Amino acid sequence: MKITFYIIAIMLLAQSCNGDDDAQQNSEPTLNTTWSLINVSGGFAGVDDDFESGIITWHFNNEASEITVINNDTSNAIHSGYASGTYTYEVITTPNDTTLVIGNTDLKITTLTSSQLILDEGMISDGFQYTFSR
């Protein structure tokens, strides 16, 4: 009787196991999502403004190569990024870096993780650094 019970228990355990646990999950970070602008720093004036998550969002659509910016900032920030609207973009990858081009503006992607995105216009042009979170 005990042997029959153990055989049935082992069979049930074996049935509950499946192979999809071994499937690779795509954990590579991507722009193709909505990001909240949480900080803008730099520029000639030495800006360092924080924003509450969700006040300024950038939604990247990789298929259309468009960014939809919703900027609901009502603070007195010197610079809060782009105005609300839809912008086309291009991502250019070289062996040294990856650049996001929006119109005539080059933004170097210095950090891209599943939860953080940092874009930098560069110190040479007294540009801004934009920090986003998801």
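Let's start at a turn: in the hairpin formed by S3 and S4, four residues lie between the strands, and one residue with a positive phi, near 55°, is Ser-65. Keep in mind as we go that this is a predicted model.

Stepping out from that hairpin, strand S3 covers residues 56-61 and runs antiparallel to S4, with six bridges joining the two. Across this pairing, His-59 stands opposite Thr-68 in S4. On its other pairing, S4 meets strand S5 (residues 85-93), again in the antiparallel sense, over four bridges. Here Glu-66 has Thr-88 in S5 as its bridge partner. Strand S4 itself, residues 66-71, has two faces: Ile-67, Val-69 and Asn-71 make up the covered one, while Glu-66, Thr-68 and Ile-70 make up the uncovered one.

It helps to place these strands in the whole chain. The chain has one helix and nine strands, and along the sequence they follow the pattern α-β-β-β-β-β-β-β-β-β. Of its 134 residues, 30% are buried. Among contacts with a separation of 6 or more, 39% are between residues 24 or more positions apart. The accessible surface comes to about 9,100 Å², and carbon and sulfur atoms account for 51% of that.

Now for the aromatic residues. A pair of aromatic rings is described by the distance of the centres and the angle of the planes. The chain has seven aromatic pairs. In one of them, the ring centres of Trp-58 and Phe-60 are 6.4 Å apart with the planes at 45°, so this pair is tilted. Both of these residues are buried. Phe-60 also pairs with Tyr-89, this time edge-to-face, at 5.4 Å centre to centre and 80° between the planes. Because Phe-60 lies in strand S3 and Tyr-89 in strand S5, the pair ties together parts that are 29 residues apart in sequence. Phe-60 counts as buried because its relative accessibility is 0%, and Tyr-89 also counts as buried, at 9%. One aromatic cluster takes in Trp-58, Phe-60, Tyr-82, Tyr-87, Tyr-89, Phe-128, Tyr-130 and Phe-132.

Tyr-130 leads us to the loop between S4 and S5, where His-79 is found. The side chains of His-79 and Tyr-130 make a polar contact at 2.9 Å. Beyond its neighbours within four places in sequence, His-79 is in contact with Val-40, Asp-49, Phe-51, Phe-128 and Tyr-130. This loop residue counts as buried because its relative accessibility, 19%, falls under the 20% cut-off.

One last stop is Arg-134, which lies over the face of Trp-35, at 5.7 Å from the ring centre.

Technical notes:
Residues numbered from 1 in each chain as written. Predicted model: local features only at pLDDT ≥ 70, side-chain atom pairs only at ≥ 80, totals over all residues. Heavy atoms only, no water. Buried < 20%, exposed > 50% of the residue type's maximum accessible area, 1.4 Å probe, protein only. Contact = heavy atoms within 4.5 Å. Areas by Shrake-Rupley, 256 points an atom, 1.4 Å probe, with all protein chains shown as cover. Pairing = 2+ DSSP bridges. Polar contact = N/O pair within 3.5 Å; in protein donor to acceptor, adjacent residues only side chain to side chain. Phe/Tyr/Trp six-rings, centres within 6.5 Å; stacked < 30°, edge-to-face > 60°. Lys NZ or Arg CZ within 6 Å of the ring centre and 35° of its normal.
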